[in-house]
Amino acid sequence: SYREHVARAHRTDAAMALYRAAHYLEAGADVHASGTLALPAGLDQAPAIGAAIYRVHVVDRDRANGYYALEARPVEPGPMAGDVCGTFVLNAHGERTNRRAGLRGSSAPACWLGQ
């Protein structure tokens with residue numbers, strides 16, 4: 001249906017936003033420095049322009065995950081709040097997961113494929 005098509009497009013935007021943010025961090029941000037890593041405007045949301053459907057943040061900075069993890073969390077309230085894919089997470093090793101209410105670190109490959 002149309003709603004499912006729109007949801008798949010939003011999920012793809014979330015995944016692409018995480019890859020853009022990871023590229024930014026890999027290209028020059030000092031991920032080993034202490035303090036908070038902030039993403040510049042345009043990299044801190046999906047889609048990059050217009051109303052945010054997802055907010056993108058650097059959420060975890062430890063050696064185990066390559067010194068950063070990024071998340072794209074659905075904006076509450078918004079069209080993807082309560083979506084089955086939940087929050088998209090990407091770390092510096094390229095590991096992709098999704099977090100949903102009650103399920104931590106669950107893998108949802110279909111979410112990352114825009115399905």
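The protein chain holds 2 helices and 6 strands. Read along the sequence, these elements follow the pattern α-β-β-β-β-β-β-α. The model is predicted. Of the 115 residues in the protein chain, 37% are buried. Its accessible surface comes to about 6,600 Å². Carbon and sulfur atoms hold 54% of that surface. Among contacts in the protein chain with a separation of 6 or more, 42% join residues 24 or more positions apart.

**Helix α1**

Helix α1 covers residues 2-28. What span should its 27 residues give at 1.5 Å a residue? The expected value is 39 Å. The end C-alpha atoms of α1 are 40 Å apart, so the model agrees with that expectation.

The buried residues of α1 include a run of alanines: Ala7, Ala14, Ala15, Ala17, Ala21 and Ala22. Leu18 and Leu25 are also on the buried list. So are His10 and Arg11. The cover over these buried residues includes strands β1, β2, β3 and β4. Helix α2, residues 109-112, is part of that cover too.

His10 lies in helix α1. His10 has a relative accessible area of 16%. The cut-off for buried is under 20%, so His10 counts as buried. Leaving aside neighbours within four places in sequence, His10 is in contact with Ile53, Tyr54, Pro79 and Met80. Tyr54 belongs to β2, which runs over residues 54-60.

**Salt bridges**

How many salt bridges does a search of the whole structure find? The count is 4. The table gives three of these pairs, with the distance between the closest N and O atoms.

| Pair | N to O distance |
|---|---|
| Arg11 and Glu4 | 3.1 Å |
| Arg11 and Asp83 | 2.7 Å |
| Arg73 and Glu71 | 2.6 Å |

Arg11 appears in two of these rows, with Glu4 and with Asp83. Glu4, Arg11 and Asp83 are thus linked in a network of salt bridges. How exposed is each member? Arg11 is buried, at 3% relative accessible area. Asp83 is buried as well, at 15%. Glu4 is partly exposed, at 34% relative accessibility.

The side chains of Arg11 and Asp83 meet at 2.7 Å, N to O. That pair links distant parts of the chain, with the two residues 72 residues apart. Arg11 sits in helix α1. Asp83 sits in the loop between β3 and β4.

The pair of Arg73 and Glu71 has its closest N and O atoms 2.6 Å apart. Strand β3 covers residues 69-74. Is Glu71 buried or exposed? Glu71 is buried, with a relative accessible area of 3%. Arg73 is partly exposed, at 41% relative accessibility.

**The β4 and β5 hairpin**

Strand β4 spans residues 87-91, and strand β5 spans residues 96-100. The two pair in the antiparallel sense over 4 bridges. Leu90 stands opposite Arg96 in β5. The hairpin has 4 residues between the strands. In this hairpin, Gly94 takes a positive phi near 85°.

Thr87 lies in strand β4. Its relative accessible area is 9%; the cut-off for buried is under 20%, so Thr87 counts as buried. What does Thr87 touch, not counting residues up to four places away in sequence? One set of contacts is Glu71, Ala72, Arg73 and Pro74. The others are Thr97, Asn98 and Arg99. Glu71 and Arg73 in that list also form a salt bridge with each other.

**Cis peptide bonds**

Two cis peptide bonds precede prolines. A cis peptide bond joins Ala46 and Pro47, with omega about -5°. Pro47 is found in the loop between β1, residues 45-46, and β2. A cis peptide bond also joins Glu76 and Pro77, with omega about -20°. Pro77 is found in the loop between β3 and β4. The loop between β3 and β4 also holds Asp83, the partner of Arg11.

Key: Residues numbered from 1 in each chain as written. Predicted model: local features only at pLDDT ≥ 70, side-chain atom pairs only at ≥ 80, totals over all residues. Heavy atoms only, no water. Pairing = 2+ DSSP bridges. Buried < 20%, exposed > 50% of the residue type's maximum accessible area, 1.4 Å probe, protein only. Expected span 1.5 Å × (residues − 1). Contact = heavy atoms within 4.5 Å. Areas by Shrake-Rupley, 256 points an atom, 1.4 Å probe, with all protein chains shown as cover.
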